[in-house]
Amino acid sequence: MRLLPTRSCIPGMRLGKCIFNEDGIILLNEHVELTQGLLNRLQNLGIDFVYVEDEATDDIVVEDPISDETRVKALAEIRSNFRIVMEGSSKAKFSKSPYMGKAFNNVIKMIMDDLDSREDTMIMLMNMNVLNNYLYQHSLNVCIYATMLGMAHGYGRDELTTLSLGALLHDIGKTKINPDIIKKPGPLSPAELAEVQKHAEHGFKLLKDEPNIPLLAAHCAFQHHERLDGSGYPRGISGNEIHDYAKWIAIVDSYDAMTTHRPHRLAMLPHQAMEILFAGVGTLYDHKKVALFRDNVAIYPLGLSVELSTGERGVVVRINPAVPQRPVIRILENEAKERLSQPYEIDLSEKLTLFINRVDE
């Protein structure tokens, strides 16, 4: 399969991966033939990239980090519990769900078990094939990213559970913000921005006394927008005043937001988001944490179309775990943009004079 911008697809192509709705249920199955109507609909719904079938890359298989069962269960728990908060006027109504903590702990266990069983430990982009209710899918994505990073860092099971819970629930305070402000397509006014920023405090207040949810998880909701130099919110704390879990979540929260289609802008590709994260190293984000993230994320996802510095064009077919920034490229077109009858592969980890000049955006 091959990853293409939806607007570059043409009718007659077939989907290489399923499209899921916001509840994790299959909306369009793989192998479905794309019509112009379907392509227009996908673009309108915020699907900026899709995997399509392609004979030259039919050996590329992109596995989701978690199973369909885990995805559906996680999104169902997020949706049902977050809606209780949205519909309630007080924290008391939220607490009428006495098993909320246990339910989310069960979800975390399923996610960790799925990630533990994966042979490929690289963090792959997860936003291309999901029509998203941003809050629900973003919460799940940040949890998966943070859990994979926590595993790479070497946290034990108990530490990992707390980090994962904090990541899953980091934005629960947004259920207390006017949805019209959250979904606004244009720039926010100063008053609207101040209202949105209250979600960190709302989240802490909602979680801090909940049974089966560690207080540290509540502090993840409280601190995930704090920044090293004190420029964050809600308290403007800095450096070591910010818990390490919140520092991890700050990185993956920003990354997922940048790589997800939003009402006011298209999704970025991973390498673009990574450049922005590194621009904030030392002031906004911890350098060692961003570096570990870089070393464990596939900034050029499998199936992505790229052009090399030689002018040759091809597709990412394998990630080198030791140097994920230098993948293996299957060359499909020569420098003159002529299609090759016999494609060949170049391992950029071995050809250090070559580099990716641009990607198909």
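**Exercise 1. The second largest pocket**

How much space lies in the second largest pocket? Describe its lining by residue, helix and class.

*Solution.*
The model is predicted: local features need pLDDT of at least 70, side-chain atom pairs count only at pLDDT 80 or more, and totals for chains, interfaces and linings use all residues. Residues are numbered from 1 along each chain as its sequence is written, and side-chain values use heavy atoms, leaving out hydrogens and water.

Step 1. Start with the terms. On a 1 Å grid over the protein atoms alone, a cavity is a set of points where a 1.4 Å probe fits but cannot get out. A pocket is an open set with protein on both sides within 12 Å along at least five of seven lines. Lining residues have an atom within 4 Å of a point. Grid points are joined across faces, edges and corners, and a volume is the space filled by probe spheres set on the points.

Step 2. Read the volume. The second largest pocket has about 630 Å³ of space.

Step 3. Find the centre. Of the 25 lining residues, K174, V196, H225, Y233 and R262 lie nearest to it.

Step 4. Assign helices. Helices are DSSP runs (H or I, at least four residues), as are strands (E, at least two), numbered from the N terminus. At least two lining residues come from each of α5 (134-153), α7 (179-182), α8 (190-197) and α11 (244-258). α11 gives the largest share, 4 residues.

Step 5. Sort by class. Ala, Val, Leu, Ile, Met, Phe, Trp, Tyr, Cys and Pro count as nonpolar; Asp, Glu, Lys and Arg as charged; the others, Gly among them, as polar. The pocket lining has 12 nonpolar, 7 polar and 6 charged residues.

**Exercise 2. Closed space**

Count the cavities of 30 Å³ or more, then describe the second largest.

*Solution.*
Step 1. The structure holds 3 such cavities.
Step 2. The second largest has about 50 Å³ of space.
Step 3. Its lining includes E226, R227, Y285 and D286.
Step 4. By class, that lining has 6 nonpolar, no polar and 4 charged residues.

**Exercise 3. D171**

Is D171 buried or exposed? List its contacts.

*Solution.*
Step 1. Place D171: it sits in the loop between α6 (157-168) and α7.
Step 2. Apply the cut-offs. Buried means under 20% relative accessible area, exposed over 50%, partly exposed in between (1.4 Å probe, protein chains only). D171 is buried because its relative accessibility is 1%.
Step 3. Look for polar contacts. These are pairs of N or O atoms within 3.5 Å; within protein, one must be able to donate a hydrogen and the other to accept it, and residues adjacent in sequence count only if both atoms are side-chain atoms. The D171 side chain makes one with the side chain of H170, at 3.4 Å.
Step 4. List the other neighbours. Contact means heavy atoms within 4.5 Å. Not counting residues up to four places away in sequence, D171 touches L135, H138, H199, H224 and D253.

**Exercise 4. The nonpolar cores**

Which residues of the largest nonpolar core touch the most other members?

*Solution.*
Step 1. A nonpolar core is a set of buried Ala, Val, Leu, Ile, Met, Phe, Trp, Tyr and Cys residues joined through side-chain atoms within 4.5 Å.
Step 2. The largest core has 85 residues, and L169, L277 and F293 touch the most other members. α5 supplies the largest share of this core, 10 residues.
Step 3. Apart from it lies another core of 11 residues, including L4, L28, L42 and V52.
Step 4. Take F293. Beyond four places in sequence, its contacts include I123, L149, M274 and L277.

**Exercise 5. Backbone exceptions**

Locate the cis peptide bond and two positive phi values.

*Solution.*
Step 1. Recall the norm: most residues other than glycine have a negative phi, and most peptide bonds are trans.
Step 2. The bond from Y233 to P234 is cis, with omega near 15°. P234 is in the loop between α10 and α11.
Step 3. H31 has a positive phi of about 80°. H31 is in the loop between β3 (26-28) and α1 (36-44). At 47% relative accessibility, H31 is partly exposed.
Step 4. N212 has a phi near 70°. Its loop joins α9 and α10. At 40%, N212 is also partly exposed.
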